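Dear colleague,

Please find below the structure that I am handing over to you. My findings follow it, and I would ask you to read them with the model open.

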Amino acid sequence: MIRCSKGNLESSYVKSVLDIYELVLQTSPNYKSDSAEKVKQEVLRGLGDLYVQAQSLFNDDMYLRLMAVMHLMIKSSMNSTDYDSELGGIPPVQRGILEIIPMLRPTTMLSSMWSPLLLELLCYLNGEESSLHKSSKVREHSTDALANGTKRASVERGHINGSGTKGDTVVGSGWGILFIEKLVPVMVNLFLEAPPHERFSAAPEVIQGLGRCMNTRRDNPRGTLWRVSAECFNRVVTDEVRQENAECRSDMNSYRLSRARFWKEVADVYETFLVGSCGRVLSSDVPSADSVTADESLEMTVLTVFGDSVLKLQKEAPVEVLQRLVNCLDRCASRTGSLPIQTVGLLPLHCSRFSLGCLQMMFSLCSCTSKTSSYPVVSETSKVSISILTKRSEAILGQFLADENDLGDHPLPSVRIEETVCVLQELARLIVNIETANALSIPLYLKEALGKNQSHGRAHLLSLLPAFSELVVSREARVRELVQVLLRLISAELGLQRLT
């Protein structure tokens, strides 16, 4: 196989090497003998060496040809059988592919190639054919081997961009789950290294691709792909929300459209994963205690990142997306309250804990005492959250009262009591700012009075007074005590004092 000496290369030599690599891979795509596999491994090593030693000679056209060779290599490594499960690992060629992908990061002179590279990796991650041949650049500059060598029943670029039906692509089809598990962090590391403008362009597709991998939990809850993908998703969405993207705002119309797509994809992932998977019993098999603990820990990490690093720190999410995101929390928080009294006590502990965690996060979003309260956008998130939170709180308190009346002297399930106690405790802790108070459904004259007296911090208690005041006669001592605390807080907020 061809070896090259650093510093003595010419562009024509690089092109000839790529020609040879393409020819080797195209003429024997289906050979599975040991010698054929060794040839492919040698091509891989040579490809990595060629790019590392001759980066300065590569232009966009040559880099696309390099990616075309990589595509042929990856295509030739597909297995008709599940190599992962049979041999407990991935083939040597696929291991080599994972090793050289990070070596192919575009240089400063090739910055426009970041987006094609990331989209190409996403195609493999999603089990789709390469999207490069759909690009006008590839149609114009790629070799005949790439254009005509193999028949490609590919998915249109628009499908990668989110116009296709969600879930209509099998993740990792043909490559094996272990390969995809290892490809996900490789792709994410490259994405986080990309220049801001290139990251900005590819972010919606990356979010969507990670979401598809996270959705494998529904069919394989004991698998590790969804776990790896959830951790990587947390890294990507946290970093993206913190990006200023100042250099991407030269065309504001394009910027707004791209960012709207990014937030749409983020909302899609959270709706599907949080609502569809987290805090649920997903398998009829009895998982080990360690597995349940690990899953619950990851779910709570996703929830924490969602609230503290996304909802509280975002600066530009459209209001309709904020409403979708907060509604995700609300739907998860509503699970225990939506169950009938006869079955709510059968809910596994990790399920009820997750629902309570979502409820507490909603309170945190409305609080003006948060460490992120210096961000003006927190007010926008709070204004969206407060109306959803008060409706949920009213429903929980009303359900508790109805259940207690229905059961008579029989004790309520502990899950129902803990949920109600949580609401009353959080209501007592919550302090809201004036903008959030104005978003509450209370009479205008009360809003004006609160604003005039600068006593708006407990305005939510006035909104929920009819709901929790009825619980003063509850048989549950903790509930009665907490209701009394809330009534004292309202009195203090209104400036009412004892006469004696």
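On the surface of this predicted model, Val472, Val473 and Leu487 form a nonpolar patch. Together, these residues have about 240 Å² of accessible area. One of them, Val473, is located in the loop between helix H22 (459-469) and helix H23 (477-493). Val473 counts as exposed because its relative accessible area is 66%, and the cut-off for that class is over 50%.

In soluble globular proteins, nonpolar side chains tend to be buried together. The largest nonpolar core of the model has 133 residues, and Tyr270 and Phe306 touch the most other members. Helix H3 (residues 60-76) supplies the largest share of this core, namely ten residues. Which residues does Phe306 touch, not counting those up to four places away in sequence? They are Tyr270, Leu274, Leu311, Leu325, Cys328 and Leu329.

I would also draw your attention to Asp19, which belongs to helix H1 (residues 11-27). Is Asp19 partly exposed or buried? Its relative accessible area is 39%, so Asp19 is partly exposed: this class lies between the limits of 20% and 50%. The side chain of Asp19 is joined to that of Arg65 by a polar contact of 2.3 Å. In addition, Asp19 and Val69 are 50 residues apart along the chain, while a distance of 9.0 Å separates their C-alpha atoms.

Yours sincerely,
A colleague

Note on methods:
Residues are numbered from 1 along each chain as its sequence is written. This is a predicted model: local features need pLDDT of at least 70, side-chain atom pairs count only at pLDDT 80 or more; totals for chains, interfaces and linings use all residues. Side-chain values use heavy atoms; hydrogens and water are left out. A nonpolar core is a set of buried Ala, Val, Leu, Ile, Met, Phe, Trp, Tyr and Cys residues joined through side-chain atoms within 4.5 Å. Buried means under 20% relative accessible area, exposed over 50%, partly exposed in between (1.4 Å probe, protein chains only). Helices (H or I, at least four residues) and strands (E, at least two) are DSSP runs, numbered from the N terminus. Contact means heavy atoms within 4.5 Å. A polar contact is a pair of N or O atoms within 3.5 Å; within protein, one must be able to donate a hydrogen and the other to accept it, and residues adjacent in sequence count only if both atoms are side-chain atoms. Patches are made of residues with over 30% relative accessible area and no salt bridge: like charges are joined within 9 Å, nonpolar side chains (Val, Leu, Ile, Met, Phe, Trp, Tyr) within 5 Å. Accessible areas come from the Shrake-Rupley method with a 1.4 Å probe; for residues, only the protein chains shown count as cover. A salt bridge is a side-chain nitrogen of Lys or Arg within 4 Å of a carboxyl oxygen of Asp or Glu.
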